[in-house]
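Here are some notes on the structure, set out point by point. Please read them with the sequence and the model open.

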Amino acid sequence: PYLGISYALVNPAVKAIGGLSVDAGAYVQDVVTGSPAAIAGVKSGDVITRINGAMLGPVQELDKVLTRYASGAQILLHINRAGEELDLPVILGEYK
């Protein structure tokens with residue numbers, strides 16, 4: 001499945017550099033124009049903390065969690081955007 005972002009795992013260094021208020025998740029560095037993430041409203045600087053309720057972290061990385069779903073599946077991303085909590089529905093795409 002294709003989401004259309006580049007990200008870094010949140011760790012103490014990423015948290016400090018980004019001024020983040022969360023300790024775990026996927027820190028969105030870039031969003032591909034026209035990708036499922038872009039269409040859903042994901043922005044650079046967001047932190048994806050959960051997918052369909054599954055917490056992201058060192059053991060449950062974003063890529064691993066996404067492999068549970070097929071292209072075309074709708075998932076719910078829980079986002080921390082500058083301290084604000086958001087839920088964004090996303091329909092996963094397919095790598096081409």
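1. Contacts. Counting contacts in the protein between residues at least 6 apart in sequence, 46% join residues at least 24 apart. This is a predicted model, and every value in this note is to be read with that in mind.

2. Fold and overall dimensions. The protein has three helices and six strands, and from the N terminus on they follow the order β-α-β-α-β-β-α-β-β. Its radius of gyration is 12 Å, close to the 12 Å that the globule rule gives for 96 residues, so the protein is as compact as a globular protein of that length. The C-alpha trace spans about 35 × 25 × 20 Å along its principal axes.

3. Surface and interior. Of the 96 residues, 41% count as buried. The exposed area of the protein is about 5,200 Å², and carbon and sulfur atoms supply 56% of that area.

4. The largest pocket. Its volume is about 160 Å³. Strand E1 (5-9) and H3 are the elements that give two or more residues to its lining, and H3 gives the most, with three residues. The lining is made up of Pro-1, Tyr-2, Leu-3, Gly-4, Ile-5, Tyr-7, Leu-62, Asp-63, Leu-66, Thr-67 and Tyr-95. By residue class, eight of these are nonpolar, two polar and one charged.

5. Asn-52. This residue lies in the loop between strand E3 (47-51) and E4. Its phi is near 50°, a positive value in a residue other than glycine. Is Asn-52 buried, partly exposed or exposed? Asn-52 counts as partly exposed because its relative accessibility is 38%, and the class runs from 20% to 50%.

6. Ala-82. A positive phi in a residue other than glycine is also found at Ala-82, where the value is near 55°. Ala-82 sits in the loop between strand E5 (74-81) and strand E6 (84-91). With a relative accessible area of 82%, Ala-82 is exposed, the cut-off for that class being over 50%.

7. Val-59. Where in the chain is Val-59 placed? Val-59 is in the loop between strand E4 (54-55) and helix H3 (62-66). Val-59 counts as exposed because its relative accessibility is 70%. Val-59 and Lys-15 are 44 residues apart in sequence, and their C-alpha atoms are 18 Å apart in space.

Key: Residues numbered from 1 in each chain as written. Predicted model: local features only at pLDDT ≥ 70, side-chain atom pairs only at ≥ 80, totals over all residues. Heavy atoms only, no water. Helix = DSSP H or I, 4+ residues; strand = E, 2+ residues; numbered from the N terminus. Buried < 20%, exposed > 50% of the residue type's maximum accessible area, 1.4 Å probe, protein only. 1 Å grid on protein atoms, 1.4 Å probe; cavity = no way out; pocket = protein on both sides within 12 Å on 5 of 7 lines; lining within 4 Å. Points joined across faces, edges and corners; volume = space filled by probe spheres on them. Nonpolar A, V, L, I, M, F, W, Y, C, P; charged D, E, K, R; others polar. Rg over C-alpha atoms; globule rule 2.2 N^0.38 Å. Contact = heavy atoms within 4.5 Å. Areas by Shrake-Rupley, 256 points an atom, 1.4 Å probe, with all protein chains shown as cover.
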